[in-house]
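Me: I have a structure open and want the reasoning behind its labels. Can we go through them one at a time?

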Amino acid sequence: MFSIYASAFNLVKNKFDYKGAIDNFSAFADEVVLAINTSEDNTLEVLQAYITEKGYTNVKLIQTKFDYKDN
């Protein structure tokens with residue numbers, strides 16, 4: 001089994017080619033896990049819609065809340 005794990009945040013705001021990335025990951029990996037962390041835009045909803053539209057069953061989204069502040 002080949003798995004890809006990545007984090008994603010503010011993909012929409014930063015105009016990242018998430019479609020190309022997901023299509024590429026899905027073509028090669030048995031499992032793709034994307035951790036959506038503290039986005040200030042609608043990254044989670046956009047990714048959910050795209051994954052559903054494409055019918056990707058090997059792509060999973062998880063929500064996380066990591067604090068990036070350097071205290």
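Reply: Start in helix α2, where glutamate 53 is located. One caution: this is a predicted model.

Me: What makes glutamate 53 count as exposed or buried?
Reply: Its relative accessibility is 63%. Exposed means over 50%. Glutamate 53 therefore counts as exposed.

Me: How many residues separate glutamate 53 from aspartate 17 along the chain, and what is the C-alpha separation?
Reply: They are 36 residues apart along the chain. Their C-alpha atoms are separated by 16 Å.

Me: Which elements make up the chain, and in what pattern?
Reply: The chain has two helices and three strands. Along the sequence they follow β-α-β-α-β.

Me: Why is the chain called as compact as a globular protein of its length?
Reply: Its radius of gyration is 12 Å. The globule rule gives 11 Å for 71 residues. The two values are close, so the chain is as compact as a globular protein of that length. The C-alpha trace spans about 40 × 25 × 15 Å along its principal axes.

Me: How much of the chain counts as buried, and what is the cut-off?
Reply: The share is 34% of the 71 residues. Buried means under 20% relative accessible area. The accessible surface of the chain comes to about 5000 Å². Carbon and sulfur atoms account for 53% of that surface.

Me: What share of the contacts between residues at least 6 apart joins residues at least 24 apart?
Reply: That share is 83%. Heavy atoms within 4.5 Å make a contact.

Me: Why is the pair of glutamate 40 and lysine 13 called a salt bridge?
Reply: The N to O distance between their side chains is 2.9 Å. The cut-off is 4 Å, so the pair qualifies. By this rule the count comes to one salt bridge.

Me: What parts does that pair tie together?
Reply: Glutamate 40 sits in the loop between β2 (31–37) and α2 (43–54). Lysine 13 sits in the loop between β1 (3–8) and α1 (18–28). The pair therefore ties together parts 27 residues apart in sequence.

Me: Is glutamate 40 buried or exposed, and how do you know?
Reply: Its relative accessible area is 62%. The exposed class starts over 50%, so glutamate 40 is exposed.

Me: What is noted about the phi of asparagine 10?
Reply: Its phi is positive, about 55°, although asparagine 10 is not a glycine. The residue lies in the loop between β1 and α1. Its relative accessible area is 9%. That is under 20%, so asparagine 10 is buried.

Me: What about lysine 15: where is it, and is it buried or exposed?
Reply: Lysine 15 is in the loop between β1 and α1. Its phi is near 55°, a positive value in a residue other than glycine. Its relative accessible area is 74%. The cut-off is over 50%, so lysine 15 is exposed.

Me: Why does aspartate 23 get the label partly exposed?
Reply: Aspartate 23 has 27% relative accessibility. Partly exposed lies between the 20% and 50% limits, so the label follows. The residue belongs to helix α1.

Me: Which residues does aspartate 23 touch, not counting those up to four places away in sequence?
Reply: It touches Tyr50, Lys54 and Tyr56. Aspartate 23 and lysine 54 are 31 residues apart in sequence. In space they are 9.0 Å apart, C-alpha to C-alpha.

Me: Last one: how far apart are the mean positions of the positive and negative charges?
Reply: The 7 positive and 10 negative charges have mean positions 5 Å apart.

Notes:
Residues numbered from 1 in each chain as written. Predicted model: local features only at pLDDT ≥ 70, side-chain atom pairs only at ≥ 80, totals over all residues. Heavy atoms only, no water. Helix = DSSP H or I, 4+ residues; strand = E, 2+ residues; numbered from the N terminus. Rg over C-alpha atoms; globule rule 2.2 N^0.38 Å. Buried < 20%, exposed > 50% of the residue type's maximum accessible area, 1.4 Å probe, protein only. Areas by Shrake-Rupley, 256 points an atom, 1.4 Å probe, with all protein chains shown as cover. Lys, Arg positive; Asp, Glu negative; His and termini not counted. Charge placed at Lys NZ, Arg CZ, Asp CG, Glu CD.
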